[in-house]
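Here are some short exercises to work through with the structure open beside you. Try each task yourself before you read its solution.

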Amino acid sequence: MTERQLQPLLHELVGVVLAPTSALGDRAGQIRPAGVQGVFHADARVLSRAELRIDDREPEALAHGPDGPHGARFVGLARWLGDPGADPTVRVERTRRAGPHGVDEEIRVVSTAAVPVRATVSVDLGCDLAPIEVVKSGGAATPIEARTGQPGGVRWVADGITVTVTGEGARVDTGRATAPRLSWPVDLGPGGIATLRWRLRVDDPRAVVTAPTGEPNWSRPVVRADDRRLVRLLDRSLDDLRGLRLAEPASPADVFLGAGVPWFLTLFGRDSLWAARMMLPLGTELAAGTLRVLARRQGARLDPATGEAPGKILHELRRHEFAMLGEGLRLPPAYYGTVDATMLWVALLHDAWRWGLPADQIEPLLPHLESALGWLDGHADADGDGLVEYVDTTGHGLTNQGWKDSGDAVRFRDGRLAAPPIVLAEVQGYAYQAAVGGADLLDALGRPGAAR
């Protein structure tokens, strides 16, 4: 029987993120060369292994939890070290923090023993630069041979990406070509603490997304509540949203939100628009950036291979073709296979206007509004029956192009898959809302076409 390649599960992994970088490891803090574990940067896995050992043994995992907005802390025990007896006297604390260009990690070996503690701390590394779609498909990539870098450093170079790992005061062993090791000797007196650090940095000039400049420009409300969980929920939610902020390299001031870690940390029309719309009570700047980014990539021609059509808003943006192994799915780098993003773009522009988006930011978007409404009036309804429908004509695009876009998402009551063209009920609501809101904008700003 042929072995099926399955999408790796995520539910037991611990992640940290500050877009476009994210890191996923297990509950012990290890990043193992398996599944979706690794450090990802803009659609590539830039580190596939980071396994901590003490004297070539793994610490016993004890606990883990968040450490600030973009970090996680892991605590383990080295019970073979320190005083004899049942109570452990040497613990290992590992703090991982994501940054826009890599990750930083601090390792603290803490002794409460009455005797000296001598050990060697090591981190085994690996890099495969696997594309995100290969990882998502459950596929594997061959580790890349490491090169010796500056003292205490190692690097990998391939496909225009340079990955550098540096350990402060570490010895580097590249004798194991695909799994180099950083190591530090530790010599602690009674009650001593050793603090070790390593960091990963990525140079990726061909990435299609980057970290935006500056801090979030939405307001941060102060909430007081008897139930303090509500306050923590709001604070954590805003911190998480900060971690999803992205921009295009050519326009770092126009900020949008990525669709999610790890598969979708890039520009997605539908997801980025909905998120900006929900954030309108905290300001219009995120909406304005999202609208401008998508307007710059608005469809201008008919292209069945990409799903592009005049006035249509993009579905997703990648650095190269997104080809899922074994599924026949091949999406071009800029893919327009979405039935609802164009209407949601119009709705966001209308709602941002109502929330106070300045006229000087709306005016440049009016030609894009008219083009989007033109798509709604024409290409969105290919058979002219008054309903918006979709169909993938290529055979390798998305079968379903609404928010439930997996290939088996749209079924009849008896379980049969619906055959295209498919008309989604909620999309007709979006179309009506876009038409009414678009007409309001045209009327208010003195543009023709509202009656249509």
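**Exercise 1. Describe the chain as a whole.**

Step 1. Start with burial: of the 452 residues of the protein chain, 50% count as buried (buried means under 20% relative accessible area, exposed over 50%, and partly exposed in between, with a 1.4 Å probe and protein chains only).

Step 2. Before going on, note that this is a predicted model, in which local features need pLDDT of at least 70 and side-chain atom pairs count only at pLDDT 80 or more, while totals for chains, interfaces and linings use all residues. Residues are numbered from 1 along each chain as its sequence is written, and side-chain values use heavy atoms, with hydrogens and water left out.

Step 3. Add the dimensions: the C-alpha trace spans about 85 × 60 × 45 Å along its principal axes.

Step 4. Take the contacts (heavy atoms within 4.5 Å) with a separation of 6 or more: 62% of them are between residues 24 or more positions apart.

Step 5. Finish with the elements: the chain has eight helices and 22 strands (DSSP runs numbered from the N terminus, helices being H or I with at least four residues and strands E with at least two).

**Exercise 2. Trace the open sheet of eight strands.**

Step 1. Write down the order, which is 6-7-8-9-16-13-12-11, with antiparallel pairing (two strands pair if DSSP finds at least two bridges between them).

Step 2. Find the edges: strand 6 (60-66) and strand 11 (147-148) each pair on one side only.

Step 3. Look inside the order, where strand 13 (residues 161-167) and strand 16 (residues 193-203) run antiparallel and are joined by six bridges. Glycine 167 stands opposite tryptophan 198 in strand 16.

**Exercise 3. Place proline 367 and decide whether it is buried, partly exposed or exposed.**

Step 1. Find proline 367 in helix 7 (residues 366-377).

Step 2. Proline 367 counts as partly exposed because its relative accessibility is 43%.

Step 3. Now look along the chain to arginine 447, which is 80 residues from proline 367, although their C-alpha atoms are separated by 9.8 Å.

**Exercise 4. Explore the empty spaces.**

Step 1. Recall the idea: rolling a probe the size of a water molecule over the atoms shows where empty space is left. On a 1 Å grid over the protein atoms alone, a cavity is a set of points where a 1.4 Å probe fits but cannot get out, and a pocket is an open set with protein on both sides within 12 Å along at least five of seven lines; lining residues have an atom within 4 Å of a point.

Step 2. The largest pocket has a volume of about 730 Å³ (grid points are joined across faces, edges and corners, and the volume is the space filled by probe spheres set on the points). Its lining has 33 residues, with Lys136, Met324, Glu327, Leu329 and Ser406 closest to the centre. Helix 3 gives the most to this lining, with three residues.

Step 3. Turn to the second largest pocket, which holds about 500 Å³. Among its 24 lining residues, Gly307, Lys312, His379, Val391 and Thr393 lie nearest its centre.

Step 4. End with the cavities: the structure holds one of 30 Å³ or more. The largest cavity has a volume of about 50 Å³, and the residues lining it include Pro20, Phe40, Ile132 and Leu265.
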